[in-house]
Amino acid sequence: MKQFIDLLKNSEYCVVFTGAGVSTLAGIKDFRGKNGLYNTAGADAEKIFDIDYFRKDPSFYYRAAKNFIYNLEDKVPAIVHTELARLEKMGIVKAVITQNIDLLHQKAGSKKVIEVHGSPEIHRCRKCGKIFHFNEIVPVVQKDEVPKCDRCGGIIKPDITFFGESLPPMAVDEAIYEASKADLMVILGSTLVVQPAASFPLYALRNGGKLVIVNNMETPLDYLAVQRYDDLETVFNYISENLK
Ligand code: CNA
């Protein structure tokens, strides 16, 4: 871990890529981890963020997300979020590219956050496009109702990228731009299987950047990493104590 700290200190442009694993420490389940939704909620979990299923039955998403996304006000950033915000302030981390949809990097104080799978901050009517903010939607979902547009009665969907939808193009461009500039890319808590987001680290590699991976399961890019660690909490406690 001392070597990891040296890499961080000596980097000129460190970009971080985060997945759901960084938020398990804040009490939010990931998908594919040991206690993740895919293991605990069975096959139905894959339908939660499936756009075809949402079109058929939006209530399924809202029921499943009620105590997962529509209770995010209660969630507090964990050590990885707070340390990344601190490293940004120190000038080490230049950008965080995240697959997460829990707003915890921003809550922790990170300024440059690129949300490649969208965000629940904004919800949109699928019929007329009217925009609604997260805080307007929460009380409706908490009452077990499907949010509907007050202008046209259309179904409202979060600006989260569901399986079957394209990623937000501006965020993707920005992520590729940042990854291409990185001389050090640190990948945290992601299985790196959801494409195309999982291929962003390849842009860093292509331009001579180094990869460090921290994840407690194997990833398809492990063999390309200069350093590889398992446990996020252990690594970030160490960073918190030893990188001042
Ligand atoms: P994933 O596929 O669920 O992978 C998470 C990885 O993190 C797994 O390999 C876990 O074993 C690992 N992990 C969990 N806790 C730790 C820990 N303490 N230390 C080390 N490793 C740990 O998640 P990805 O982000 O790779 O998959 C992308 C999906 C998940 C995106 O579409 C996200 O939007 C989606 N997602 C996001 C959230 C969130 O915003 N918090 C939660 C659940 C799913």
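The ligand is surrounded by 29 residues, and the closest are Phe-31, Arg-32, Ser-190, Thr-191 and Asn-216. The model is a predicted one. Besides the ligand site, this briefing covers an open sheet of three strands and two helices that pack on that sheet, H6 and H9.

**Ligand contacts**

- The side chain of Ser-190 has an N or O atom 2.7 Å from an oxygen atom of the ligand.
- At Gly-189, a backbone N or O atom lies 3.4 Å from a ligand oxygen atom.
- A polar backbone atom of Leu-232 is 3.1 Å from a nitrogen atom of the ligand.
- On its own the ligand has 860 Å² of accessible area, and the protein covers 95% of this.

**The sheet**

- The strand order is S5-S4-S6, and the pairing is antiparallel.
- Strand S5 (131-133) and strand S6 (156-160) are the edge strands, each pairing on one side only.
- Neighbouring strands of the sheet are turned against each other by 35° on average, direction ignored.
- Five bridges join strand S4 (residues 118-125) to S6 in the antiparallel sense.
- Arg-124 has Lys-157, in S6, as its bridge partner.

**Helices on the sheet**

- Helix H6 (residues 58-65) touches S4 and S6, and its direction makes about 60° with that of S6.
- Helix H9 (residues 134-142) touches S4, S5 and S6, and the direction of H9 makes about 75° with that of S5.

How values were computed:
Residues are numbered from 1 along each chain as its sequence is written. This is a predicted model: local features need pLDDT of at least 70, side-chain atom pairs count only at pLDDT 80 or more; totals for chains, interfaces and linings use all residues. Side-chain values use heavy atoms; hydrogens and water are left out. Two strands pair if DSSP finds at least two bridges between them. Helices (H or I, at least four residues) and strands (E, at least two) are DSSP runs, numbered from the N terminus. Axes are lines fitted to C-alpha atoms, for helices over the stretch in contact, and angles run from 0 to 180 degrees between N-to-C directions. Contact means heavy atoms within 4.5 Å. A residue is near a molecule or strand if one of its heavy atoms lies within 4 Å of it. A polar contact is a pair of N or O atoms within 3.5 Å; within protein, one must be able to donate a hydrogen and the other to accept it, and residues adjacent in sequence count only if both atoms are side-chain atoms. Accessible areas come from the Shrake-Rupley method with a 1.4 Å probe; for residues, only the protein chains shown count as cover.
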